[in-house]
There are 2 protein chains.
Amino acid sequence: MSIISDSAPLSDLSVVKSVSLTSALEKELERLILTGELEPGVRINEIHLSNRFGTSRGPIREATRSLEAKGLVEVVRNRGVFVRRLSVEDAVEIYDVRAALFGQAGRLLAERMTDGLLAELTRMVDEMDAVAERGSFDEYYPLNLGFHNLIVSSCGNRTLLAEYHRFVNKLHLFRARALVQGGGLAVSNREHRAMLEALASGDGDRAQMTHWRHVALAKRRLIAAVDGHARND
Amino acid sequence: MSIISDSAPLSDLSVVKSVSLTSALEKELERLILTGELEPGVRINEIHLSNRFGTSRGPIREATRSLEAKGLVEVVRNRGVFVRRLSVEDAVEIYDVRAALFGQAGRLLAERMTDGLLAELTRMVDEMDAVAERGSFDEYYPLNLGFHNLIVSSCGNRTLLAEYHRFVNKLHLFRARALVQGGGLAVSNREHRAMLEALASGDGDRAQMTHWRHVALAKRRLIAAVDGHARND
DNA sequence: GTAATGAAAACTGTCAACAGATAGGCGCCA
DNA sequence: TGGCGCCTATCTGTTGACAGTTTTCATTAC
């Protein structure tokens, strides 16, 4: 259950012998993939990596097998491992799964809501409104990410949290990822307010619905953006 | 994206060189774990396994790292890999995730329902009713499994399908698994009928709700069974 | 100029061996 | 007799090497 979101600056792997070389390598490879330093589609050369990290190929192979199970890379026999490339269809499928998980998180959170958390979430949405008015996407994006993370982190289900993060991370493998990020800052934040109200009411059904719909609408925006982009090609 | 459900009788690993030794070992280990031949909590000895399968330890280590990422085993540094043991809390968390995924599958299926599929699903529910009346759990269980699988398999989202199977499989690691299987055959099948009606109506919201609730109620039955069992101890 | 061919280079799959860590048993001592 | 520490057996972590496959590239024929 590795929740991969903090890309801690542990580039020097030599220090972390305490947590096994394989898992350190796995984290580092995951970081390289998610930051885009290893682009979707490229092959991962075991020998190059073993030279780069000063290890033998064994631990690297173990790490890549782990990443394969997580869906970040693809292993082709006798040809090597490739950073997974997500098609539009893959991305759309992931949005459905993410919507389901996020809706469930909303439901669970509504049933265990605290005043402090509600205040914090409200503050975040207010801040996003301010930023959205300026149209500053660079500021909006991390706030938005933090808002969603706080909801899922606070829902009380660690399994759900891990899965949610896994799929959000996986979306980084979608080449046209930039498409979905733009557009509709204010619109998106209106949906956030609806979620807030549902959470405050303590109504699980309603919270699940608003949270589900938020991701479903994001999916619709993605599809529209992809279609528009394709038409412009 | 390995959908693991068919435990094909490929006990002889020597034949399947075409799909790589590691993945064949992984499938076999997964089978041993899910069937309970390797019980939750036991340690997996690399040397014994390599002798048993006639390979070296390398491929076995790769296979176990993959299983670790899937959540079936736990790796402790310098001590080995252990078949994962699920607590009641873990099982309950998984039910929440499963409910979310199954609800989403219901929604997707409602929006792409065909007459043929509806007829097949109806036939299955009728058969379950007949079996439930006889109180034959051994006959009910596989029918029930097939009913759920058909719904998720037909929803058109392969990512969702793979995830759903992963979590259903994971529940095999729950030691008190027998607790949830018993009780409420007729009750459960009444919920199936509600799901059928929602699917037939083509109403996505309603289908999601009925499918979600079906798993949520199963979760509640599990909790009740566990509580009752604990009180009897 | 292009396509087919064959050899060599590069890379992955697998294995066997060594180094370090852990666990269990034995003897020593209070 | 019970507890402590040492020692050995067992097992995992990692490495380097060999075998087989894929890819690359130069050569040759058309």
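1. Symmetry. A turn of 180 degrees and a shift of 0.0 Å along the axis lay chain A on chain B with an RMSD of 0.0 Å. That is the relation of a two-fold axis. The superposition is by least squares on the C-alpha atoms of residues with pLDDT of at least 70 in both copies.

2. Basis. This is a predicted model, in which local features need pLDDT of at least 70, side-chain atom pairs count only at pLDDT 80 or more, and totals for chains, interfaces and linings use all residues; side-chain values use heavy atoms, with hydrogens and water left out. Residues are numbered from 1 along each chain as its sequence is written, while chains are lettered from A and ligands numbered from 1 in the order in which they are written.

3. Interface. The copies meet through the same surface, because 100% of the interface residues of chain A are also interface residues in chain B. Contact here means heavy atoms within 4.5 Å.

4. Helix crossing. Helix α4 (residues 88–110) of chain A and helix α7 (residues 158–170) of chain B have axes that come within 8 Å and cross at roughly 45 degrees. That makes α4(A) oblique to α7(B). Oblique is what remains after under 35 degrees (roughly parallel), over 145 (roughly antiparallel) and 65 to 115 (roughly perpendicular). Axes are lines fitted to C-alpha atoms, for helices over the stretch in contact, and angles run from 0 to 180 degrees between N-to-C directions. Helices (H or I, at least four residues) and strands (E, at least two) are DSSP runs, numbered from the N terminus.

5. Residues at the crossing. From α4(A) come Glu93(A), Ile94(A) and Val97(A). They meet Arg158(B), Thr159(B) and Leu160(B) of α7(B). The contact comprises three nonpolar, one polar and two charged residues. Ala, Val, Leu, Ile, Met, Phe, Trp, Tyr, Cys and Pro count as nonpolar; Asp, Glu, Lys and Arg as charged; the others, Gly among them, as polar.

6. DNA strand C. The strand is surrounded by 22 residues, and the closest are Arg57(A), Arg61(A), Leu21(B), Ser56(B) and Arg79(B). Near means a heavy atom within 4 Å. Four nonpolar, nine polar and nine charged residues make up this surface. Of the strand's atoms within 4 Å of the protein, 77% belong to sugar or phosphate and the rest to bases.

7. Polar contacts to strand C (N or O pairs within 3.5 Å). A side-chain N or O atom of Arg43(A) is 2.9 Å from a sugar or linking oxygen. For the side chain of Asn78(B), the distance to a sugar or linking oxygen is 3.3 Å. Asn78(A) has a polar backbone atom 3.4 Å from a phosphate oxygen.

8. DNA strand D. Here 23 residues surround the strand; Leu21(A), Ser56(A), Arg79(A), Arg57(B) and Arg61(B) are the closest. Sugar and phosphate supply 76% of the strand's atoms within 4 Å of the protein. A polar side-chain atom of Arg79(A) is 2.6 Å from a phosphate oxygen. A polar backbone atom of Ser56(A) is 2.8 Å from a phosphate oxygen.

Technical notes: Polar contact = N/O pair within 3.5 Å; in protein donor to acceptor, adjacent residues only side chain to side chain.
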